[in-house]
Amino acid sequence: MTGLPPHLAVTADAYDAVAVLYAELFHDALDRLPLDRAVLAAFADLARAAGAGPVAELGCGPGYVTAHLRDLGLDVFGVDLSPVMIGLARAAHPDLRFETGSMDALDLADGTLGGIVSWYSVIHVPPPELPLYLAEFRRVMAAGGTLLLAFFEAEGGPVTPFDHKVVTAYRWPIDDLAALAHEAGFTEIGRMLREPEKDERFRRGHLLLRAR
Ligand SMILES: C[S@@+](CC[C@H](N)C(=O)[O-])C[C@H]1O[C@@H](n2cnc3c(N)ncnc32)[C@H](O)[C@@H]1O
């Protein structure tokens, strides 16, 4: 993809190349993951109760989490760097809005979102850049809005790159990610850790936060 900084172009190209396979593998992943569904349900309840505006899934890939959030009653749309992913999301969910874009430079006015879900998308952000992404999330979020971050947890180690099957990703200590989110203007509501399921490698971390 042209016009992107080099590391984002690498990520976009890598996801473009695997998008069809990715969608086939993961479109029904939530059916097998009750704790993941529980944290998404908690997010939906919190976002609905806050009533702070529409919700964006940033890094939505083929859009199955976006569709799940719609099924939970949210006014939701998806954004992804990969044009092929966005094409698949639109084809699979023609009733939903999906846009190509980068979550560090959103085409949204200040304070317009009532919620953001980043479901395994900040995992690819080089750690020194993550504060800039979280600042962008806070910029577009109304006060009282809800943020959900899902990621690979570092299990006692420091922030660590690993050989993610698509493109380099990072495992984060949940406390470090919570601290960065706090510095960006989000207050923690709660967290959920779950152990890897069969065929998964790492512990999964989930942070629910409120924009202050
Ligand atoms: C591991 S996939 C997760 C996709 C989807 N949320 C899911 O759970 O299946 C990561 C996604 O984040 C997207 N992504 C990575 N960096 C991004 C960025 N800066 N802005 C928008 N999307 C990004 C990738 O294109 C990819 O579709």
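**Strands, ligand shell and two positive phi angles**

At a relative accessibility of 13%, Tyr120 counts as buried, because the cut-off for that label is anything under 20%. The model is a predicted one, and this tyrosine is a handy way into it. Tyr120 sits in the loop that links β4 to α5. Its phi is positive, about 60°, even though the residue is not a glycine. That is worth a second look, since most residues other than glycine have a negative phi.

Tyr120 has a counterpart in another loop. Glu155, in the stretch between β5 and β6 (160–162), also has a positive phi, near 55°, and again the residue is something other than glycine. Is Glu155 buried or partly exposed? With a relative accessible area of 36%, Glu155 is partly exposed, because that label covers whatever falls between the 20% and 50% limits. So the two loop residues part ways on cover: Tyr120 is buried at 13%, whereas Glu155 is partly exposed at 36%.

Now for the strands on either side of these loops. Strand β4 (residues 113–119) pairs with β5 in the parallel sense, over 6 bridges. Within that pairing, Leu113 stands opposite Met141 of β5, and Trp119 has Ala150 as its bridge partner in β5. To get from β4 to β5, the chain passes through helix α5 (residues 130–140), and the resulting β-α-β crossover is right-handed. Strand β1 (residues 55–58) also pairs with β4, likewise in the parallel sense, over 3 bridges. Here Val55 stands opposite Gly115 of β4. As for cover, 7 of the 7 residues in β4 are buried.

Moving on from β4, strand β5 (residues 141–152) is mostly covered too, with 10 of its 12 residues buried. What does β5 pair with in the antiparallel sense? The partner is strand β9 (residues 204–211), and the two are joined over 7 bridges. Ala150 stands opposite His206 of β9, so to speak a residue with two partners, given that Ala150 is also the bridge partner of Trp119. A little further along, Phe151 stands opposite Gly205 in β9.

Gly205 turns up again in the next pairing. Strand β8 (residues 186–194) and β9 run antiparallel over 8 bridges, and there Leu193 stands opposite Gly205. Like β5, strand β9 is mostly covered, with 7 of its 8 residues buried. One of the residues in β9 is Leu208. At 9% relative accessibility, Leu208 counts as buried, because 9% falls under the 20% cut-off. The C-alpha atoms of Leu208 and Gly63 are separated by 20 Å, and the two residues are 145 apart along the chain.

A second pair makes a useful contrast. Arg90 and Pro62 are 28 residues apart along the chain, and their C-alpha atoms are separated by 8.1 Å. Arg90 belongs to helix α4 (residues 83–92). Its relative accessible area is 41%, which makes Arg90 partly exposed.

That leaves the ligand. How many residues surround the ligand? There are 19, and the closest are Tyr22, Gly59, Tyr64, Asp80 and Trp119. Trp119 is already familiar as the β4 residue whose bridge partner in β5 is Ala150. By type, the shell divides into 10 nonpolar, 7 polar and 2 charged residues. Helix α1 (residues 6–26) supplies the largest share of the shell, 4 residues.

Several polar atoms lie at contact distance from the ligand. On the side-chain front, a polar atom of Glu57 lies 2.9 Å from a ligand nitrogen, while an N or O atom in the side chain of Tyr64 is 2.9 Å from a ligand oxygen. Met103 joins in through its backbone, with an N or O atom 2.9 Å from a nitrogen atom of the ligand. Taken alone, the ligand exposes 590 Å², and the protein buries 98% of that area.

Technical notes:
Residues numbered from 1 in each chain as written. Predicted model: local features only at pLDDT ≥ 70, side-chain atom pairs only at ≥ 80, totals over all residues. Heavy atoms only, no water. Near = heavy atom within 4 Å. Polar contact = N/O pair within 3.5 Å; in protein donor to acceptor, adjacent residues only side chain to side chain. Areas by Shrake-Rupley, 256 points an atom, 1.4 Å probe, with all protein chains shown as cover. Nonpolar A, V, L, I, M, F, W, Y, C, P; charged D, E, K, R; others polar. Buried < 20%, exposed > 50% of the residue type's maximum accessible area, 1.4 Å probe, protein only. Pairing = 2+ DSSP bridges. Right-handed = clockwise from strand over helix to strand, strands pointing away.
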